[in-house]
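I opened this entry to look up how one of the ligands is held by its surroundings. My notes follow in the order in which I checked things.

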Amino acid sequence: MTHGSDVLVIGAGVIGAATAYFAARQGLSVTVLDKGLPASGTSSACEGNILVSDKELGPELELTRYSLGVWHHDLEEHKKLWEFDSKGGIIVASRESSLASLHRVMAVQKSYGVDVEELDQSALRDAEPHISPEALGGASYREDCQVQPMLVAAHLVRLATEAGARFIADCPVSGFLGSGPDGGRVTGVRTPRGDFPAGAVVNCTGTWAGELAAMAGVEVPVLPRRGFVIVTEPLPAMIRHKVYAAEYIDNVGSSDAGLQASPVVEGTPAGSILIGSSRERVGFDRTVSTAALGLLARNATALFPFLKDVKAIRHYHGFRPYCPDHLPVIGHDDRAPGLWHAAGHEGAGIGLSAGTGKLLAQALAGLTPDMDLSPFAPARFSAPGKHTPVHREEATA
Amino acid sequence: MSTVVTVDVAVVGAGPAGLAAAVAATETGARVAVVDAGNQPGGQFWRHAPETGNPGTADVQPHGHHGWSTYLDLRARFDAARSAGRITYLPGLQVWMAQHSGDAFVLRTTAAVASSGATPATVAADRLVLCPGGYDRQLPIPGWDLPGVMAAGGIQAFIKANGVLPGKRFVIAGTGPFLLPVAAGIAEAGGKVLAVLESSSPSAWLPHLRAAAGVPGKALEGMAYAAVFARHRIPYRTRNIVTEILGTDRAEGVRTARVDAAGRVRPGTARTYADVDVVGFGWGFTPQLELPVSLGVETRLDADGSLVGIVDERQQSSVPGLYLAGEVTGVGGATLAVLEGLAAGAAAARPESDVPVKQPAAIARHRRFAQAMHHAHPVPAAWQDWLSPDTTVCRCEEVTAGEITEARDQLGARDIRSLKSFTRAGMGWCQGRVCGFASACLSAGPGQMPDAGSLASSAKRPLAAPVGIGELAAQDG
Amino acid sequence: MNTQPVTISFDGRPLAAAAGQSVGAALASQGITAWRSTRKGGKPRGLFCGIGVCFDCLVTVDGEPNQRACLVEACDGMEVEGS
Ligand SMILES: Cc1cc2nc3c(=O)[nH]c(=O)nc-3n(C[C@H](O)[C@H](O)[C@H](O)COP(=O)(O)OP(=O)(O)OC[C@H]3O[C@@H](n4cnc5c(N)ncnc54)[C@H](O)[C@@H]3O)c2cc1C
Ligand SMILES: Cc1cc2nc3c(=O)[nH]c(=O)nc-3n(C[C@H](O)[C@H](O)[C@H](O)COP(=O)(O)OP(=O)(O)OC[C@H]3O[C@@H](n4cnc5c(N)ncnc54)[C@H](O)[C@@H]3O)c2cc1C
Ligand code: FES
């Protein structure tokens, strides 16, 4: 292969798919490679929540709201393809103390323009008739919505190819062209199927991103954070929103390695209820944890007591790609010219994919991105001292 | 937490393989627990009417039970070991998860029927013998989701367990010698079998006669069925298939056609059978592999295209201490299942011993016969051509053939995993047990059969049975 | 064969069965072949696999939803509902 692309995207998860789509729409020539098929990594082992409600104030909330706009406007015509549903989220507090923190969070969010409304006990019951009688109150987030993530990745890849991109499955990247220990310019990738030269190479490999970066001689610390999700038998609609416990907000940004789970319970168009999701740092351990399943089940039945008589028919787990400071890595890697990254979106990659893809495509095309990408700069990991996690009051998913 | 039963050897399944394994293990000195979803021992082949209220078991033998004396012998030994407290029998329970933690195997169970009163128990064992058997393999056929269409084995199980027929006028179709006892059983119970349609042809056996001749019992069985067929005037039509089930709210008739060796329909051979109320289909069997796969057992493709567990001559899988017997090592019938069960049970009871396996020659002979059978009765290569775009493939989630081929061709769903995520085929109640093989063929492409990897991913069912969220909530480790 | 007669109810109507027979058998032997309709297409469903694998035959038994009719043994007074 001699003729290179403008942009070579490694990875066809939601992040790579969105990047490829928007880059192709920018008129760039794009090649996407994946070691498997589209959505064969974390993007097929997650839930499809696009949440505003749980985001840390600052760059991540900003990126989330930008991304939400992209979902609603740029991708409006394709909504049906991925079962986009603006169902809204509800946070439920069952203890006085969590109700108090919820109110505090809401007040701050409101000041940042988040669309949030307080629900007293009876409003909560109107919104979710099957909620536990113990629930004290809640908050309603109308902007929260949901997609089917595997369909997002697959269709964005398809739409990208319709816009001129080329997708090659079963093509694992094994090294970079041009880069060396002395940090030459990255000019393409090596694969068992041959070399692919490119003007820019984008590393969208999720939990594998650190491995790929290392091949180019740079450090991008992306680690796995395991999560289990329980899927129930199909039922008539019993749960109307995505409902989660106020305690969830404390968990998402925690750096605690131990097992944590706050329920996120929601219905799906197919009738099954999803009960997600645990969070634990156990590397890539794929053994099933009955402790995690038990904890999820206990938390979910505390929120919706009727669930105790409902049957689980399946569970699955995935590995969230996270960085120590809980912010994704998005942008050009000044340490390895020619190499870009879009990875480490942790528990929010689905929601953030649309915005990430669009912003990156603008930058790749040499335009000024709609939003400042510097908080996500890959080089933030190079300088010693900058590495330490920023203190975070509420947190990031 | 539920009660914990701790034993040397745990056996899952009380069919021919499991019953034999349990008996052999206790007679070799082990303390044994047997978990089975059924309410009484027997599995699929030795399924019989409920024993409750019946003093003995011998008098409940219904029609068509070959090897019943083997059952009675194993059953007597099983009952004796139970009375002596050496076997803990846990009927009516389904294992929803098997785990291997440290050096013990742990089985977590749930009642197969909520109202049965069976109390879930957790079983911990040093060694595990998995004998979960299998179920009829199915291919989607236009109209196969109409009521009145059943699995061929399901019809037989229905008759054996209930002593009544699910209808009056039957057509049985598919491939394999197993269609014969199904039809014979229906006729003996008083049903009218309008035809048995076999997609293969007897000449397909010719290259394999030597292997087949090694198992004389099978020939005798075949002759017995021939007599039943003659007595009840059951037409046996080879190289014939059902192309469509007719009816609006239930099966009322079938359209059939002749096919060539690859299963391609021969134009101008269509024929209609009217006034049919039950259509039975069987395309061989699918071994139930989720428990072995969840424990990390190495698998392979068998001659019939099924995924099966790899075992050594002592029936031990690639996971030390984990033994497999019966259909999960390769579909081969009840006699082979018993032989494998005996070997597995004895080996699991005394893993260090080098006592040779009993009857290795008989096991080898039966396996050769099974291979010959699989070669002579393949799933027709051209079966995908029988579909129309609106044929339901996944019965649970109601996914059509058209939706599946679209996901394959437009979204690149070339394996069962992506196909599932994009279309929901295999995501419903049965978790792809019924449509898994067909969906795997469809994702592989026209005329293709799935490879081991695709079948292994369709056999990945982290919950081997539905389990209550309330029961999960009681799990704390 | 155990043929002790029992009576169950199906959608409120009495139905004769033999003790120990499955609910699915009791229904099918009375000519009732479908007792559930599918979520998406509203299509009728009854017995298919006959051995507890396919979940096509789901019924509500004494208020407990989604029980497999081919596995539940009919008992006197049992209330069965389709869906
Ligand atoms: C249980 C759970 C629940 C979640 N819920 C949500 C949620 O509700 N909302 C939300 O927004 N996010 C959620 N997430 C997070 C979300 O799933 C991830 O952030 C997102 O999927 C990451 O996408 P990705 O494209 O970066 O990675 P991936 O989807 O993992 O894609 C990476 C791709 O790179 C490919 N690849 C890797 N190495 C190579 C190589 N050498 N050569 C070629 N290709 C390669 C892989 O095959 C893969 O396809 C959840 C995650 C989990 C685990
Ligand atoms: C419906 C049907 C009818 C058949 N009829 C005949 C016939 O008439 N003649 C013939 O030659 N062959 C028949 N077969 C083929 C038959 O499967 C084998 O010949 C023989 O029964 C295999 O024995 P086995 O012990 O391997 O499995 P099986 O007899 O299938 O026994 C497996 C047992 O394991 C139990 N089990 C499975 N999974 C679990 C779990 N997770 N937890 C708890 N228990 C579990 C099952 O309930 C079952 O009782 C039939 C097969 C089927 C599916
Ligand atoms: S008929 Fe298949 S589960 Fe009952």
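I began with the residues around ligand 2, keeping in mind that the model is predicted. There are 34 of them, and those that come nearest are Ala17(B), Asp36(B), Gln44(B), Val95(B) and Gln156(B). I then looked up the placement of the ligand with respect to the chains, and found that ligand 2 lies between chains B and C.

Next I went through polar pairs that involve the protein backbone. I noted an oxygen atom of ligand 2 at 3.3 Å from a polar backbone atom of Pro16(B), and a nitrogen atom of the ligand at 3.1 Å from a polar backbone atom of Ala37(B). For Phe45(B), a backbone N or O atom lies 3.4 Å from an oxygen atom of ligand 2.

How much of the accessible area of ligand 2 does the protein cover? On its own the ligand has 960 Å² of accessible area, and the protein covers 93% of that.

I then asked which elements give two or more residues to the shell around ligand 2. In chain B these are helix H1 (16-27), strand E4 (93-101), strand E7 (134-136), helix H3 (152-162) and helix H8 (334-349). H3(B) gives the most, with four residues.

Sorting the shell by class, I recorded 17 nonpolar, 13 polar and four charged residues. Finally I checked the domains of chain B, and the shell draws at least three residues from each of domain 1 (3-135 + 286-373) and domain 2 (138-283).

How values were computed:
Residues are numbered from 1 along each chain as its sequence is written. Chains are lettered from A and ligands numbered from 1 in the order in which they are written. This is a predicted model: local features need pLDDT of at least 70, side-chain atom pairs count only at pLDDT 80 or more; totals for chains, interfaces and linings use all residues. Side-chain values use heavy atoms; hydrogens and water are left out. A residue is near a molecule or strand if one of its heavy atoms lies within 4 Å of it. A polar contact is a pair of N or O atoms within 3.5 Å; within protein, one must be able to donate a hydrogen and the other to accept it, and residues adjacent in sequence count only if both atoms are side-chain atoms. Accessible areas come from the Shrake-Rupley method with a 1.4 Å probe; for residues, only the protein chains shown count as cover. Ala, Val, Leu, Ile, Met, Phe, Trp, Tyr, Cys and Pro count as nonpolar, Asp, Glu, Lys and Arg as charged, and the others, Gly among them, as polar. Domain bounds come from an automatic or database domain assignment.
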